[in-house]
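Work through the exercises below with the sequence and the 3D view at hand. Try each task before you read its solution.

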Amino acid sequence: APRIGWHFRRKSEHFKFYSQLIKEFGKVIDMDPWFFESYFEVIEAVDFDNPDSRELVAKAVDDLIVKIKNKYQEYGGSDTPSVFIKNNAGTYGLGVIRVNSGDDVRKLNQHARKQMRVGKGSVDINSILLQEGVTTVERVKGLVAEPVMYLVGNQMVGGFYRLNEEKGDTDNLNSKGMQFSKSCLHENFGYENIHNMELQLADLQPIYETISAIASLAAGLELKALDQ
């Protein structure tokens, strides 16, 4: 529907509703909801060409990095914390950069600042989403792989894996070099998970179905809020 196009929609609204639902889900299964979501923050009225504005973003990134580090310490994680800075209203993988600290924001070069100046259709970027970077553990055909699921009526009907030969497990795969692979779970299509090589393909379906259903419900709440 036109009313939920990216000219009007905001990533942060979906994240907000998803976070609410995933916290309820965590209580039901007695698990930390952090395992099913990523930390995020929203910053409005951003101008990456303005040093004061970059400093505001840098401090928010550092605060988010501290929260992520605390979770890594709690559960024994060894990855280097990172944060994706995204155009809150964008799509097509445009207006996205990854940083490891606030200093990375303070030192953004002209090319990076240009990336964060305008999104698709040369629309100015003035609202950003800071999103916890999550290391991608899945592999398909030896390449880092992100699952993308399709749903109809809140039921998962299929999907695909996004691959990218030019990117690593902490990068944005939705960028130059992107390719796709089918995700027919009844077939052996070269799936691996670096944390559990014994994971059976049949185990993936209920995981994907559950998380997809929660995301679908979040999208419904988002649409309801837009209608109001």
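Buried means under 20% relative accessible area, exposed means over 50%, and partly exposed lies in between (1.4 Å probe, protein chains only). The model is predicted: local features need pLDDT of at least 70, side-chain atom pairs count only at pLDDT 80 or more, and totals for chains, interfaces and linings use all residues. Residues are numbered from 1 along each chain as its sequence is written, and side-chain values use heavy atoms, with hydrogens and water left out.

**Exercise 1. Take stock of the fold.**
Count the helices and strands, then find the share of buried residues.

Solution. Step one: use DSSP runs, numbered from the N terminus, with helices as H or I of at least four residues and strands as E of at least two. The protein has five helices and nine strands. Step two: read their order from the N terminus, α-β-α-β-β-α-α-β-β-β-β-β-β-α. Step three: of the 228 residues, 39% are buried.

**Exercise 2. Check the span of α1.**
Compare the expected span of α1 with the distance between its end C-alpha atoms.

Solution. Step one: the expected span is 1.5 Å times one less than the number of residues. Step two: for the 19 residues of α1 this gives 27 Å. Step three: the end C-alpha atoms are 26 Å apart, which agrees. Now look along the helix. Its buried residues include Phe15, Phe17, Leu21 and Phe25. Just after α1, Asp30 takes a positive phi of about 55 degrees.

**Exercise 3. Explore the largest nonpolar core.**
Which residues of the largest nonpolar core touch the most other members?

Solution. Step one: a nonpolar core is a set of buried Ala, Val, Leu, Ile, Met, Phe, Trp, Tyr and Cys residues joined through side-chain atoms within 4.5 Å. Step two: among the 24 residues of the largest core, Phe48, Val57, Val61, Ile85, Val105, Ile128 and Leu130 touch the most other members. Step three: two or more residues come from each of α2 (51-75), β2 (83-87), β3 (96-99) and β4 (127-132). Helix α2 gives the most, with eight residues. Step four: follow the contacts (heavy atoms within 4.5 Å) of Val105. Leaving aside neighbours within four places in sequence, Val105 is in contact with Phe48, Arg54, Val57, Ala58, Val61, Ile85 and Val99.

**Exercise 4. Trace the salt bridges.**
Where in the chain do Arg113 and Asp49 lie?

Solution. Step one: a salt bridge is a side-chain nitrogen of Lys or Arg within 4 Å of a carboxyl oxygen of Asp or Glu. The whole structure holds 13 of them. Step two: Arg113 and Asp49 form one, at 3.4 Å, N to O. Arg113 sits in helix α4 (residues 110-115) and Asp49 in the loop between β1 and α2, so this pair ties together parts 64 residues apart in sequence. Step three: Asp62 and Arg106 also pair, at 3.8 Å, N to O. Asp62 lies in helix α2 and Arg106 in helix α3 (residues 102-106), so the pair ties together parts that are 44 residues apart in sequence. Step four: is Arg106 buried, exposed or partly exposed? At 30% relative accessibility, Arg106 counts as partly exposed. Asp62, at 27%, is partly exposed too. Step five: Arg162 and Glu146 meet at 3.3 Å, N to O. Arg162 is in strand β7 (residues 155-164) and Glu146 in strand β6 (residues 143-152), 16 residues apart. Arg162 is buried, with a relative accessible area of 17%.
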